[in-house]
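Biologist: Please take me through one part of this structure closely. I would like to follow the packing inside a single chain, and then see how that chain meets its partner.

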Amino acid sequence: MQMAIGTSIIHLKERVNAISELDDIDELVRLYWPRVLRYVTFSTGDKDLAESITQDCFLKAYNGRASFRGECAVSTWLIGIANNLVRDQLRLKKFQFWRKANATSLDVTELASFLPSAESSPEKRLLARERTEQVREALEGLSVNQRKVFLLKFFEEWTLDEIATMTGMPINTVKTHLYRAVSAIRSKMGER
Amino acid sequence: MSHTGTLEMETAGHLSDEQFAGLASGLECAEAAAHGLACAQCREELEAFGGAVREFGGAARGWSESRSPMSWQQQMRKASRKQTAAAPVSTSRRRLVAASCAMAAAAVLAVGAAAWTHREAATVVPPTALAYTDGHELDRATEIAQDNALMRDVNVAISRDDASAMRAYGLTVAGRQQARPNLEMRSQ
């Protein structure tokens, strides 16, 4: 009985912390901006659009913080909002056109400059850069849902349950998208 | 899955796509994991895949952390500019719209009430008009009374028996009476 009360008090404290975390917008941005931006950038394949969506995401979260009940982590809630924004954006027909014509995709050179410095020799750095390019290309070839699930699983290290919550997909669907994404990327990497 | 996986491994000798994906994602299956450890080719492929994804993830993390966000004040300014250009959805803006609607409704009611009052007033005889009408009626009654008084005086005057004059002209009383106009009184 005492254990149950103790657990519920801890849970309540976590919820209160999560809710109060939303009130400090600067701290919220500082903590979660990179994660949301990264996720949105690779989901849309357009870094300028991703900045705009990320900003909208934080605005929405801050304006709607009263509706956050603390039932999930703040990051889960933020990614859920970002997901909705990305989905809305991808539905726009004009976006489909401009995406092809004018997308400011993340350049592999820009990305490669953030590769771990342990790859000291020029040869190793070149190989690492090539692998990065392969993954980037493979990601672009995935369907929107496959890409989302893959990013959330491999880059953000969320569990399948959490991904299902964020994306609103059944867990088996999440698993299917994940397996297909891995197979596609594996296949793409094996081409070279 | 594990049974099928075992059969596939037995047939092909290596991990199937599903097993590979499961192992790479950390969703372990005992048989596949055992094979992954034992088979050098599968292990190498798993390591290559994991390494490439980790490298990419690390680079993506580094890139996103380098994109330091603007201060929130700057972001709000940018957002407000954007909201001015696009459709507004903020609460304060909604309140403003609601207040404008309420004011417009109040103005319509006020104008309507004024128009109604004016219309009502137009159908009712104003007190001044009533006073004017009463005065006018009064004047008319006085005028009629004056006229009647005048007629009576005339009748009295002409009804006097002026015998000398009648006699002088040889007129009879009956003829004289016929010749006299009978001035009637005006009635109201």
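Modeller: Start with contacts between residues that lie far apart in the sequence of chain A. Take the contacts with a separation of 6 or more: in chain A, 67% of them join residues 24 or more positions apart. Keep in mind that this is a predicted model.

What is chain A built from? It has 10 helices and 0 strands. Read along the sequence, the pattern is α-α-α-α-α-α-α-α-α-α. Of its 192 residues, 33% count as buried.

Now the close look. Helix H2 of chain A covers residues 25-44, and helix H4 of chain A covers residues 74-91. Their axes are 10 Å apart, and the helices pack at an angle of about 30°. Angles under 35 degrees count as roughly parallel, so H2(A) is roughly parallel to H4(A). The crossing of H2(A) past H4(A) is right-handed.

Which residues meet there? From H2(A) come A:Tyr32, A:Arg35, A:Val36, A:Tyr39, A:Val40, A:Ser43 and A:Thr44. From H4(A) come A:Val74, A:Ser75, A:Leu78, A:Ile79, A:Ala82, A:Val86 and A:Gln89. Sorted by class, this contact has 9 nonpolar, 4 polar and 1 charged residues.

Some of these names come back in the core. The largest nonpolar core has 56 residues. Which of them touch the most other members? They are A:Val36, A:Cys57, A:Leu78 and A:Ala82. A:Val36 belongs to the H2(A) side of the helix contact, while A:Leu78 and A:Ala82 belong to the H4(A) side. Follow A:Cys57 next. Leave aside its neighbours within four places in sequence, and A:Cys57 is in contact with A:Val36, A:Leu78, A:Ile81, A:Ala82 and A:Leu85. As a general point, nonpolar side chains tend to be buried together in soluble globular proteins.

Now the partner. Chain B has 9 helices and 0 strands. Of its 188 residues, 12% count as buried. Among contacts in chain B with a separation of 6 or more, residues 24 or more positions apart account for 48%.

Finally, where do the chains meet? 25 residues of chain B are in contact with 31 residues of chain A. On the chain B side, helix H2 (17-24), helix H4 (40-66) and helix H5 (72-85) each supply at least two residues. H4(B) gives the most, with 14 residues. By class, the chain B side divides into 13 nonpolar, 6 polar and 6 charged residues.

Notes. Residues numbered from 1 in each chain as written. Chains lettered and ligands numbered in written order. Predicted model: local features only at pLDDT ≥ 70, side-chain atom pairs only at ≥ 80, totals over all residues. Contact = placed C-beta atoms within 7 Å. Helix = DSSP H or I, 4+ residues; strand = E, 2+ residues; numbered from the N terminus. Nonpolar A, V, L, I, M, F, W, Y, C, P; charged D, E, K, R; others polar. Core = buried A, V, L, I, M, F, W, Y, C linked by C-beta atoms within 7 Å. Buried ≥ 20, exposed ≤ 12 C-beta atoms within 10 Å, placed from the backbone. Axes fitted to C-alpha atoms, helices over the stretch in contact; angles between N-to-C directions. Parallel < 35°, antiparallel > 145°, perpendicular 65-115°, else oblique. Left-handed = near helix turned anticlockwise from the far one by under 90°.
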